[in-house]
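Here are a few notes to go with your first look at this one. Please have the sequence and the 3D view open as you read.

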Amino acid sequence: MHTTVLLGAAATSAAPALTLRPWTENDVAALIEAYRDPQLRRWASAPMESEADGLRWIETEQQGWAAGDRLAFAVLEAAPDAPPRLAGNVVLKNAVPGKPVAEVGYWTAAWARGRDVAPRALEALTAWSFDTFRADGLECLELLHQADNVASCRVAEKCGYGFDRILPASPPLYPLDGHLHLRRAAA
């Protein structure tokens with residue numbers, strides 16, 4: 001998978017357009033700043049305390065692109081009078097030829113919450129995923145989140161990812177029950 005994939009989400013009456021592109025080393029400072037948010041750290045699995053942590057995280061995302069099994073996008077809000085600002089992340093995991101199911105995930109920077117960043121970015125990723133991988137057998141996208149993450153549940157439902165079932169906790173990686181949401185490709 002080539003890393004020059006660019007996706008977009010149109011501006012709304014309340015928020016500027018979004019650009020989704022693969023992560024680069026130039027994103028380290030903004031990534032570390034986003035991870036200073038206690039709410040984001042609560043849901044995140046990787047620590048992000050230093051430039052070295054940020055570089056490792058971005059290197060892992062770039063390796064995912066190179067392998068084609070984890071396609072993560074930095075979500076940038078494009079204000080007309082300022083440089084683009086990191087608003088979040090969306091990722092497609094395990095979109096493997098012949099496998100009918102892949103997984104999506106996302107997070108939003110604290111300053112960008114309440115601006116429809118996650119739903120617009122997730123919708124752009126979802127459309128691209130089905131357009132790009134449907135011919136290889138992709139039929140369904142899964143979205144998993146911790147059961148007490150009410151905001152993620154709202155984003156999932158807003159984007160047409162219907163609730164499927166509760167997933168039991170599996171400590172230490174998944175200490176609490178989770179929700180599984182599904183969105184199937186249009187027939």
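1. Arg 56 comes out as partly exposed, at 49% relative accessibility. Keep in mind that this is a predicted model. Arg 56 has a salt-bridge partner in Asp 53, with the closest N and O atoms 2.5 Å apart. Both sit in helix H3 (residues 51-67), three residues apart, so about one helical turn separates them. Asp 53 itself is buried, because its relative accessible area is 14% and the cut-off for buried is under 20%.

2. Another pair to look at is Glu 61 with Arg 70, whose side chains form a salt bridge at 3.0 Å, N to O. Glu 61 is buried, at a relative accessible area of just 3%, while Arg 70 counts as partly exposed at 26%.

3. Next, try Asp 37 and Arg 113, another salt bridge, at 2.5 Å from N to O. Asp 37 is in the loop between helices H1 (28-34) and H2 (38-43), and Arg 113 is in the loop between E5 and H4, so the bridge ties together parts 76 residues apart in sequence. Here Asp 37 is buried at 13% relative accessibility, and Arg 113 is partly exposed at 30%. The full count is 11 salt bridges.

4. Now the inside. The largest nonpolar core has 34 residues, and Leu 20, Phe 73, Leu 92 and Trp 128 touch the most other members. Helix H4 (117-133) is among the elements that supply at least two residues; with nine, H4 gives the most.

5. Zoom in on Leu 20: beyond its close sequence neighbours, its contacts include Phe 73, Val 90 and Ala 124. A separate core of 17 residues includes Leu 31 and Trp 107.

Methods
Residues numbered from 1 in each chain as written. Predicted model: local features only at pLDDT ≥ 70, side-chain atom pairs only at ≥ 80, totals over all residues. Heavy atoms only, no water. Core = buried A, V, L, I, M, F, W, Y, C linked by side-chain atoms within 4.5 Å. Buried < 20%, exposed > 50% of the residue type's maximum accessible area, 1.4 Å probe, protein only. Helix = DSSP H or I, 4+ residues; strand = E, 2+ residues; numbered from the N terminus. Contact = heavy atoms within 4.5 Å. Salt bridge = Lys/Arg side-chain N within 4 Å of Asp/Glu carboxyl O. Lists of a residue's contacts leave out its neighbours within four places in sequence.
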